[in-house]
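Welcome, and please open your viewer. We will go from stop to stop, with a selection to make at each one.

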Amino acid sequence: MCLYGSNVHGVLLQTLTIFHNGYYNRSYPCQIIFRFGYRIQIKRSDLCLKLNVLQIIDQEINPYVDKWEEEGLFPAHKIFKILGNAGFLGVNKPVEYGGLGLDFSYSVAVAEELGNINCGGIPMAIGVQSDMATPALARFGSAELKKEFLQPTIMGDIVVCLGVSETGAGSDVASIKTKAVRKGDEFVINGGKMWTTNGTQADWMCLLANTSDGPPHKNKSLICLPMNLPGVHIARKIDKMGMWSSDTAEVFFDDVRVPCKNVIGQEGMGFTYQMLQFQEERLWGVANILTTMEKVVQETVNYTRQRKIFNQPILYHQVVHFRLAELQTEIELLRSLLHRATALYIKGNDVTKLASMAKLKAGRLARELGDSCLQYWGGMGFTSDVLVSRFYRDSRLMSIGAGADEVMLSIICKYMDTLPKK
């Protein structure tokens, strides 16, 4: 049986063991060869993870999504604590800090199921907490930092945000201006961050700042920054086109003092660490939006089957059912790319090119799918009462956040060696 509850990680880990011992010989790592019609090896425990996530979504999240969308905020501390108790905020993080110690493919499985949430903002906020702001800390941070920041983040006791983008530096990460100047055993931080997901509710920030005047790819560090320090100012909660239930903040730093020991890993390696974090962020984002796209297509099938025009269901018009078939095919092709990239990633390969391709394709497909499906809903699609219109608004961010489409193309071209020589 798959359950989530207050027994922190014991429930889930015990369930995984039951699945293993109950259905498979110990000599074989509980693998099957079927998933979403695509022949790849997966672990049976993926299914248990998915069932647990769905239970939480159905009971604790989806019944309240419309209310949170209207209010422009969801209770991050409450939801993250529920997810933390069930083990979903540290699926691939070290066991000694409260994680489940599984590989990244399990995080992808969870991300796919979180796509069943009836909006884009809440899954995005969860992804920041679990797979976007913490990979570098888990991999390179000191034991002291992991104890202070990583463990309570995994448990859902505190909320984290990621401070990378600035007003004049979004996808061009090397151009950030926020400075952290060393004074004794502290850094004094001045500057600001923009588009900060979870920013108004966060207890700490994984901050990228310039810690020296060296070359732009070697002068940056990631710093664990408590948000309650003097000099940290939440300038405003940004009003957005979509992702309404996710709070997005503009944050300023005015002589904020942080201990030098709060630097994650090696000083000056922040740009490299953040590029590594982006790989997991991009794969996670692709996995998450796949499920939502599939859900939008299915809801469109259901609507066009019962809605009639010219004395027959809209779905029966060839242009409609052919288009939906094309979109479903594109979803499956993207899923195959995601699974291939994930399989290579967990084996230690550089998947920068594949992750960039998947991110690029996901953003473009989401825009194409949202536009096509909304068209078949007619006037209903232009209201805010249906999932397709919410997806149309929310999914536009996929081609902008975590690296714009044009940046993904540049990365792909770099790996293809087709960029003009300087």
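Start by selecting Phe-104: at 3% relative accessibility it counts as buried (buried means under 20% relative accessible area, exposed over 50%, partly exposed in between, with a 1.4 Å probe and protein chains only). Now add Tyr-345, which is buried too, with a relative accessible area of 16%. The ring centres of Phe-104 and Tyr-345 are 5.4 Å apart and their planes meet at 70°, so this pair is edge-to-face. For such pairs, the rings of Phe, Tyr and Trp (its six-membered ring) must have centres within 6.5 Å; planes under 30 degrees apart count as stacked, over 60 as edge-to-face and the rest as tilted. The pair links distant parts of the chain, 241 residues apart: Phe-104 belongs to helix 5 (residues 104–114) and Tyr-345 to helix 10 (residues 318–345).

A few notes before moving on. This is a predicted model, in which local features need pLDDT of at least 70 and side-chain atom pairs count only at pLDDT 80 or more, while totals for chains, interfaces and linings use all residues. Residues are numbered from 1 along each chain as its sequence is written, and side-chain values use heavy atoms, with hydrogens and water left out.

**Colour by confidence**

The pLDDT is the predictor's confidence in each residue, from 0 to 100. It averages 90 over the protein chain, and 89% of the residues score at least 70. Select residues 1–42, where the pLDDT is below 50.

**Show the cartoon**

You should find 13 helices and 11 strands in the protein chain; these are DSSP runs (helices H or I, at least four residues; strands E, at least two), numbered from the N terminus.

**More rings**

How many aromatic pairs are there by the ring rule? The count comes to seven. Select Trp-68 and Phe-74: their ring centres are 6.3 Å apart and their planes lie at 55°, so this pair is tilted. Both Trp-68 and Phe-74 are buried. Add Tyr-64 and Phe-80, and you have one aromatic cluster made of Tyr-64, Trp-68, Phe-74 and Phe-80.

Next, bring in Lys-78, which lies over the face of Tyr-64, 5.9 Å from the ring centre. Here, a charge sits over a ring if NZ of Lys or CZ of Arg is within 6 Å of the ring centre and within 35 degrees of the ring normal. Elsewhere, Arg-393 lies over the face of Trp-244, at 3.9 Å from the ring centre.

**Helix 4 and the core**

Select residues 76–86, which form helix 4; eight of its 11 residues are buried, among them Ile-79, Phe-80 and Leu-83. Just after helix 4 comes Gly-87, with a positive phi near 95°.

Phe-80 leads us inward: with Ile-189 and Met-293, it touches the most other members of the largest nonpolar core, which has 116 residues. A nonpolar core is a set of buried Ala, Val, Leu, Ile, Met, Phe, Trp, Tyr and Cys residues joined through side-chain atoms within 4.5 Å. Helix 9 (residues 270–306) gives this core its largest share, 14 residues.

**Last stop: Ser-221**

Is Ser-221 in strand 7 (residues 220–226) buried or exposed? Ser-221 is buried, with a relative accessible area of 0%. Its side chain makes a polar contact of 2.8 Å with that of Thr-211 (a pair of N or O atoms within 3.5 Å; within protein, one must be able to donate a hydrogen and the other to accept it, and residues adjacent in sequence count only if both atoms are side-chain atoms). A polar atom of the Ser-221 side chain also lies 2.9 Å from the backbone nitrogen of Gly-268.

Notes. Contact means heavy atoms within 4.5 Å.
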